[in-house]
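Hi everyone, thanks for coming along. Please pull up the sequence and the model on your screens, and we'll walk through a few places together.

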Amino acid sequence: MVHISAPTDRITSICCIGAGYVGGPTCAVIAAKCPEIRITVVDRDPDRISAWNSDSLPVYEPGLDALVKRQRNTNLTFSTDIDRAIDQAQLIFIAVNTPPMPHTHGSSSMGAKPDLSAVSECARRIARVSLTDKIVVAKSTVPCGACATIAGMLRDNGQKGVGFSVLSNPEFLSEGTAVRDLLHPDRVLIGGDDRVAQDKLKAVYMHWVPEPRILTMNTWSSELAKLASNAMLAQRVSSINSISAVCEAVGADIAEVARGCGSDERIGQKFLRPSLGFGGSCFHKDIASLIWLSESLGLPEVAEYWHQVLALNRFQIKRFVARILADTSREGGLSGLGGRRVACLGFAFKEGTGDTRNTPAADVCCELLRNGAKLSIYDPRVPRHHIVDKLAMSAASNCDIDSVSVCSDAYSAIAGSDIVVVLTAWSEFRQIDWEQALKLMSQPAYVFDGQVVLDHGRLEQLGFNVFSIGRAHVTTQ
Ligand SMILES: NC(=O)c1ccc[n+]([C@@H]2O[C@H](COP(=O)([O-])OP(=O)(O)OC[C@H]3O[C@@H](n4cnc5c(N)ncnc54)[C@H](O)[C@@H]3O)[C@@H](O)[C@H]2O)c1
C-alpha cells in the first residue's frame with residue numbers, strides 16, 4: 001500500500017468516470033457542498049455528456065435540474081475527455097454500470113456474477129494515464145473482492161513511482177429521491193485499509209454529512225454492506241407482497257396489516273407498501289450477485305434464501321395479470337382480453353424517476369399484450385420512445401407492439417378504455433377526476449390498482465369495479 005501524501009492535504013480536484021444516475025447527481029451535490037473542489041464528470045457516451053451540458057438533463061430527479069444548472073458554471077464540468085480529467089484529479093470515482101452477466105445456458109440458478117468489464121476498463125485507463133498518485137474510489141456496486149482486483153490492476157499496469165490507494169464507497173441513493181438522499185444520507189461507508197486516503201475522502205463528505213454518519217471499515221465489509229442493504233430492502237418488498245396474497249385470499253386488508261406490523265418499533269412503518277414488486281437497475285442484479293457470491297462460497301442454503309425474494313417478485317406480477325384476466329374475462333364470455341383496451345397509468349419502475357430498467361410495468365404490459373389487449377400507456381416522466389423501445393425489446397417474447405399507443409396525459413389514455421391499471425405510484429394519479437374518467441370509459445369499467453395509490457372506496461361509490469393488491473373483494477356490477 002502506498003500512502004498518497006500528507007494527511008493534511010485536502011482534496012481539491014475530483015474526476016468521476018460514469019455520468020449516469022449515480023455519477024451525475026452525486027457530483028452535483030459534492031460540487032454544491034464543496035465550492036473549493038473542482039469536479040469533472042466524464043463518460044464514454046458523448047450523447048450523455050451533451051445532455052448533461054444541455055437544458056434537458058439525461059436523468060430526471062426532483063431538484064437535480066436547478067442544482068446542476070447552478071454548479072455547471074462554477075466548479076462542475078461534464079466532459080468526454082476522460083484521460084485529461086483523470087490526469088488532473090487527485091481522487092477518481094468509478095461510477096460506471098455493473099450489470100449482471102447473461103445467464104449461463106441451462107443453469108437453473110438465479111445467481112449472476114456482475115459484469116465488471118467497465119470497472120476493469122476504468123482501472124486500466126487510470127493506471128495508464130496517471131502520472132501522479134491517485135485515490136481511486138469504487139462507487140459502483142461491486143462484489144466482495146472487486147476493490148482488491150482494482151488495486152491489483154493499478155499496481156500491475158501503473159507508471160513507475162505512481163501510487164494508488166483504492167477505497168470502497170458504495171452509493172445508497174434511491175432513484176426518485178436521489179438529491180435528498182445525497183444531501184441527507186443515513187450513512188456513508190468508506191471501506192479501505194489506507195487510513196490517510198479514507199480520511200481525505202471523509203473530509204470531502206464532512207462538508208455536509210455529520211461525522212457519526214460516516215463509517216470507516218474494511219473493504220470487504222463495505223462492499224458486502226451495499227449488497228446486503230439492497231437485498232434486505234428487496235426482501236422487505238417481497239415480504240409485504242407475500243402477505244398481500246394472503247390478504248386477498250382471507251379477506252384481510254394489507255393496509256391494516258401493514259399498520260399492525262409496522263407499529264412494532266422493531267419492524268417500523270417504512271417500505272411496507274404492497275406493490276407490483278421492485279424494479280430498477282439495482283435490486284435484481286444485487287440479489288443475483290449475492291446469490292452468485294453465496295453459491296461460489298459453497299453456501300447453497302443462503303443462495304436459496306435470497307432466490308426466493310426474486311421468485312416472489314415475479315409471482316406478484318403473474319398473479320396481478322391473472323387477476324385482471326379472471327375478473328374481466330367473465331364479461332361477455334371473451335377469452336383472454338380479446339381486443340379490450342387497457343389504459344396503463346405509469347411505466348417508470350417507481351415514482352419520481354423516468355428510469356424503466358427492470359420496470360414491473362413492462363412485464364405487466366407484455367403479459368396483457370400476449371393476452372390480446374390493446375394498450376394506451378401514459379407516464380409523466382418516461383419519454384414515448386423509451387416506452388416503445390422497451391416494449392419492442394420484449395417483442396421477442398411475442399408482444400404485439402402494434403397494439404400499443406403512448407398518450408400525453410392520463411385522460412387520453414383512459415378515453416375509450418375498458419380497464420385502467422395503475423403500474424407506477426405517481427401521486428398525480430390520485431388527482432385524476434375519476435367521475436370524468438368513468439364517463440370516458442366503456443362500461444362496466446374496471447380499475448386494477450397495482451400500486452395501491454387510489455381511493456378505492458370513492459372509486460367503488462362512483463361505480464367502478466375495483467381490484468387493489470392486498471384487498472379481497474372486487475365489486476361487480
Ligand atoms: N441507479 C441507482 O439507483 C444506483 C444506486 C446506487 C448504486 N448504483 C450503482 O452505481 C453504478 C452506476 O449505476 P448508474 O445507475 O449510474 O448506471 P448508468 O448506466 O446510469 O451510468 C453508467 C455510465 O457509465 C458509463 N460508462 C460505462 N463504462 C464506461 C467506461 N469504461 N468509461 C467511461 N464511461 C463509462 C456509461 O456510458 C453510463 O453513462 C452501478 O454499479 C449501480 O449498481 C446505482
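Find Gly191 and look straight across from it: the residue standing opposite is Met217 in strand S8. One thing to keep in mind as we go is that this is a predicted model. The two strands here are S7, residues 188–191, and S8, residues 214–217; they run parallel and are joined by four bridges. Now follow the chain from one strand to the other. Together with helix H8, residues 195–205, S7 and S8 form a right-handed β-α-β unit.

Next, please click on Thr219. This residue belongs to helix H9, which covers residues 219–250. Is Thr219 buried or exposed? Its relative accessible area is 15%, and buried means under 20%, so Thr219 counts as buried. What does Thr219 touch, once we set aside residues up to four places away in sequence? The answer is Cys147, Ser168, Gly191, Gly192 and Asp193. So we meet our friend Gly191 again among the contacts of Thr219, and Ser168 takes us to the next strand.

That strand is S6, residues 164–168, and five of its five residues are buried. You can see this on both faces: Phe164, Val166 and Ser168 are buried on one side, and Ser165 and Leu167 are buried on the other. S6 has a partner, strand S5 at residues 134–138, and the two pair in the parallel sense over five bridges. If you want a landmark for that pairing, Ala138 stands opposite Ser168. Here, too, there is a right-handed β-α-β unit, made by S5, helix H6 (residues 146–157) and S6.

Let's turn to the annotated positions. The UniProt record, an unreviewed entry, places the feature "binding site" at Asp43, Arg48, Thr98, Thr141, Glu175, Lys285 and Arg357. Why do these residues not all gather at one spot? They span 315 residues in sequence, and the farthest two C-alpha atoms are 23.1 Å apart, so one spot does not hold them all. Still, Thr98, Thr141 and Lys285 from this set are part of the lining of the second largest cavity.

Two of these annotated residues are worth a visit. Arg48 sits in helix H2, residues 46–52. With a relative accessibility of 27%, Arg48 counts as partly exposed. Beyond residues up to four places away in sequence, Arg48 touches Ala19, Gly20, Tyr21 and Pro58.

Arg357 is in a loop, between strand S9 (341–345) and helix H13 (360–370). Arg357 is partly exposed as well, at 31% relative accessibility. Leaving aside neighbours within four places in sequence, its contacts include Tyr21, Glu175, Phe349 and Lys390. Which side chain joins that of Arg357 in a polar contact of 3.4 Å? That would be Glu175, another residue on the UniProt list.

Last stop: Ser412, in helix H15, residues 410–414. At 36% relative accessibility, Ser412 counts as partly exposed. Its side chain makes a polar contact of 2.8 Å with the side chain of Asp409. Finally, try finding Ala343 from here: Ser412 and Ala343 are 69 residues apart along the chain, and their C-alpha atoms are separated by 9.0 Å.

That's my tour, and I'm happy to go back to any of these places with you.

Technical notes. Residues are numbered from 1 along each chain as its sequence is written. This is a predicted model: local features need pLDDT of at least 70, side-chain atom pairs count only at pLDDT 80 or more; totals for chains, interfaces and linings use all residues. Side-chain values use heavy atoms; hydrogens and water are left out. UniProt positions are given in the numbering used here, feature names are shortened, and annotations may be inferred rather than shown by experiment. On a 1 Å grid over the protein atoms alone, a cavity is a set of points where a 1.4 Å probe fits but cannot get out, and a pocket is an open set with protein on both sides within 12 Å along at least five of seven lines; lining residues have an atom within 4 Å of a point. Buried means under 20% relative accessible area, exposed over 50%, partly exposed in between (1.4 Å probe, protein chains only). Contact means heavy atoms within 4.5 Å. A polar contact is a pair of N or O atoms within 3.5 Å; within protein, one must be able to donate a hydrogen and the other to accept it, and residues adjacent in sequence count only if both atoms are side-chain atoms. Two strands pair if DSSP finds at least two bridges between them. A crossover is right-handed if, with the strands pointing away from the viewer, the path from the first strand over the helix to the second runs clockwise.
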